[in-house]
Amino acid sequence: MRTETPPTVRLEDYRPSDHLIDRVELDVRLDPHDTRVSATLALRPNPAGRAHAPLVLDGDDLTLLGLELDGQALAPDTFRADASSLTLHAVPQRPFTLRIETRLDPTANTRLMGLYRSNGVYCTQCEADGFRRITYFLDRPDVLSVYTTRIEAERAAAPVLLGNGNPVEAGAVAGTDRHYAVWHDPLPKPAYLFALVGGRLDRVAKGFTTMEGRAVEIAIYVEPGKGDRAAYALDAVERSMAWDERAFGRAYDLDVFNVVAVSDFNMGAMENKGLNIFNDKFVLASPDTATDTDYAAIEAIIAHEYFHNWSGNRVTCRDWFQLCLKEGLTVFRDQEFSSDMRSRAVHRIAEVRNLRARQFPEDAGPLAHPVRPKQYAEINNFYTATVYEKGAEIVRMLRTLIGETAFRAGMDRYFADNDGTAATVEDFLEAFEAVTGRDLARFAEWYERPGTPRVAVFGSYDAAAKTYRLAFRQTRPGAGADAPPLVIPIRLGLVGTDGPLIDAASGRVEDGVFVLDAAEDTLIFENVAAEPVPSLFRGFSAPVRVESTLDAAARLTLLRHDPDSFNRWEAAQRIALGLMTAQARGDAPEEAGADDFVGALGAFLDGEALRDPAFAAQILALPSEGDVADEIGTEIDPDAIASARRDLRRRLGAGLRARLLTLREELAEPAGTPFSPDASAAGRRALRNAALDLIAAADAEAGTALAQAQIAAATNMTDRLAGLAALALLPGEAREAALAAFAERYAGEPLVLDKWFAIQAMIPEDGTVARIRRLQDHPAFAMTNPNRVRSLVGSFSLANPTQFNRADGAGYALVAETVLALDGTNPQVAARLMTAFGPWRRLEPGRRAQAESALRRIVATQGLSRDVADIGTRSLAG
């Protein structure tokens, strides 16, 4: 493990590699403990690099067995090799070949980076710097090579052998019980996109013909006996291919597209060229084991990794500072795909919920960083919500600014200009400047500065002149007085008590969008007959915090009449946030406001719930405890917030009970209806279960009975798990009996038991820490499996604010112990658990001291990994 203090890598220090690798020929002879890798590299000096520079190849925990240059063994005094690097002091100033032989122990590789073996399957994960754990290499994304890979293994142990690109040949190894397969990828790629898989796997497949007429075989490989659970993922691949052709004109470019599902994987999935490797939770699905949320996630992540074929693979990133160029852009693309497959309005709400839950707090805490960071110590710690989700929002803002037609033209130009290269954010923006003639230099500022901008909006109505004035002011936390204002697209309109009004303001609103590009600006709407309510940032047109003087009455008008679905939802959220924040702060209760809110929700349900159940379910879902904490900002008391949210849920459940019970009956599916994960059926289930949640919050006895009945009658995991989740919040024998029965029923289903672990980890009761410690000894829990750790300890730290932030520090201690226990075997997962401490400085003094103590305990531990040391140091320094 790397325990040295890592050097700080800075964007400003980037320089091209001194050498290039045109071709890579790999011979990988798989063995559980003694895998041999022979790598033949065709190198040449880089004209853009330094002349006569030594060749320095990256390594990580490697054992060197052999080294030849142009077929001749190198003398010991001509190179220096250790576990982390290989340096050739002098190399030819011409093209040459280097053959390197290394030895690996895949079974001992618990970090799950490089080549490892898990559950009998050989697997690789090379992003960001895992290839150097396979062979010495120029392991950087701007070195692109053509790979040919020969994989050999014992046939009985690994009858399936997969690599990047297209299959070339396969056969038996004469005189042995082994066999081999050769794969060739004709398209140059960086080392982080290399992949191989070997093991006993079942296969499901179908054909697809691209718009260019290429016949492609799509195949998904899963653990034996689970092929029937791959059908939805297989369908999602086919739909992703067809959608990318329609939406972006991007066709697939190989003869095969393979997806492999593995159970031990640090990430969600990986876009290796032609061989995507997935955490099995994002591939396997059946009505009895997967929820509607699981199906939607499978669809989105399958699409995300496939879309990387162009936005990440064909056009990769020059260096890891440009990570948002592939990830933010591809998140935007998968969001658009999911919006077209499902309800666009509902999906947009889900995107913003996720952004506010994960990225806004990150932006406000010690781990804040720009979308394009300027420096890093450990790149694995920058696979963050800021890079992914905020990066996607920047792309969305760009489309809003220039319009859909110009955006498509710009994307076509970007792919054409940069195909087969390693690009930068500047390359991306230059493509859009080329097709629009616009200068996007100021827009690029979004990539360079951390923090969530604030936009204050003040409205005033002049009844005599019939004008309405909107004044805007933008600020950025932490930005200096000389920091230039951002370019912020604001999609807006005016709403009256009877509906939307004319949306025009002296020619400054184009297609419903006003561009705020100054620190302060003003819009004047003319011929406004009565005082309107401004509908601001429709569709969440920019990732900012909005400060306005709108009161609850105005927000109720938006909830009733705004034509923008997102802002209708936002109005309900802001009303609820106001009520909960006031109570959590100890302000005087707003009885009338709460009553009005209940009444408005009742009217909404009466008029629209059955027309769009998925949207209605979102309207009923209150802001999270994290949202309330974010609203309060400082001196946060998680117990007070939880109490305020619990009280409002109880009030809504009591006030809406009759309607909710009626809706549950009206939305129930007739007996014998086959399960479908489509958006319509999922929406009906979502609203029924939202109703159950509120009823249970108001009446524990009625909620227990309804939940028990739902579990007993459930024909799918969505309804069964929703019933269990409702019971989990109701202490008593019924809860414990239901939990025990669920565990017994799904004892052989690890992914389902992850849900069982997570539900218990999120119980907001004093006994949860002790419950988690007991569950860590459960036979189904394994500290070596990232999914198990995330389901239990991750769910606790990120989704149970009162117990993670216990006043006695027991929650922090539990997570700190887990981090330290994991750090020696899987530092990447350990470091990600640590990010839960991010908001610690915003807590009230007692909890703040306890959280700081836990962080300092971690950082003071000898021999910490770079991953954990980096997160801990930044958390304490921020």
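I will go through the nonpolar cores, one pocket and one sheet of this structure, which is a predicted model.

Let me begin with the interior, where the largest nonpolar core holds 160 residues, and where Phe428, Phe443, Phe472 and Ile488 are the members that touch the most others. Helix H5, residues 385-402, gives this core its largest share, which is nine residues. If you would like one residue to look at on the screen, take Phe443, which, leaving aside residues up to four places away in sequence, touches Ile394, Met397, Leu398 and Leu401, together with Leu429 and Val487. There is also a second core, separate from that one, with 107 residues, among them Phe604, Met717, Leu724 and Val868.

Let me turn now to the second largest pocket, which contains about 1,200 Å³ of space. Its lining is made up of 42 residues, and those closest to the pocket centre are Val9, Asp58, Arg132, Asp139 and Arg140. As for the character of that lining, 18 residues are nonpolar, 19 are charged and five are polar. Strand S1 (9-10) and strand S4 (55-58) each contribute at least two lining residues, and S4 provides the largest share, with four.

Finally, there is an open sheet of five strands, in which the pairing is mixed and the order runs S17-S18-S19-S21-S20. Strand S17 (202-209) and strand S20 (269-270) form the edges, each pairing on one side only. Within the sheet, strand S19, residues 256-262, and strand S21, residues 275-279, pair in the parallel sense over five bridges, and Val259 has Asn276 in S21 as its bridge partner.

Conventions
Residues numbered from 1 in each chain as written. Predicted model: local features only at pLDDT ≥ 70, side-chain atom pairs only at ≥ 80, totals over all residues. Heavy atoms only, no water. Core = buried A, V, L, I, M, F, W, Y, C linked by side-chain atoms within 4.5 Å. Buried < 20%, exposed > 50% of the residue type's maximum accessible area, 1.4 Å probe, protein only. Contact = heavy atoms within 4.5 Å. 1 Å grid on protein atoms, 1.4 Å probe; cavity = no way out; pocket = protein on both sides within 12 Å on 5 of 7 lines; lining within 4 Å. Points joined across faces, edges and corners; volume = space filled by probe spheres on them. Nonpolar A, V, L, I, M, F, W, Y, C, P; charged D, E, K, R; others polar. Pairing = 2+ DSSP bridges.
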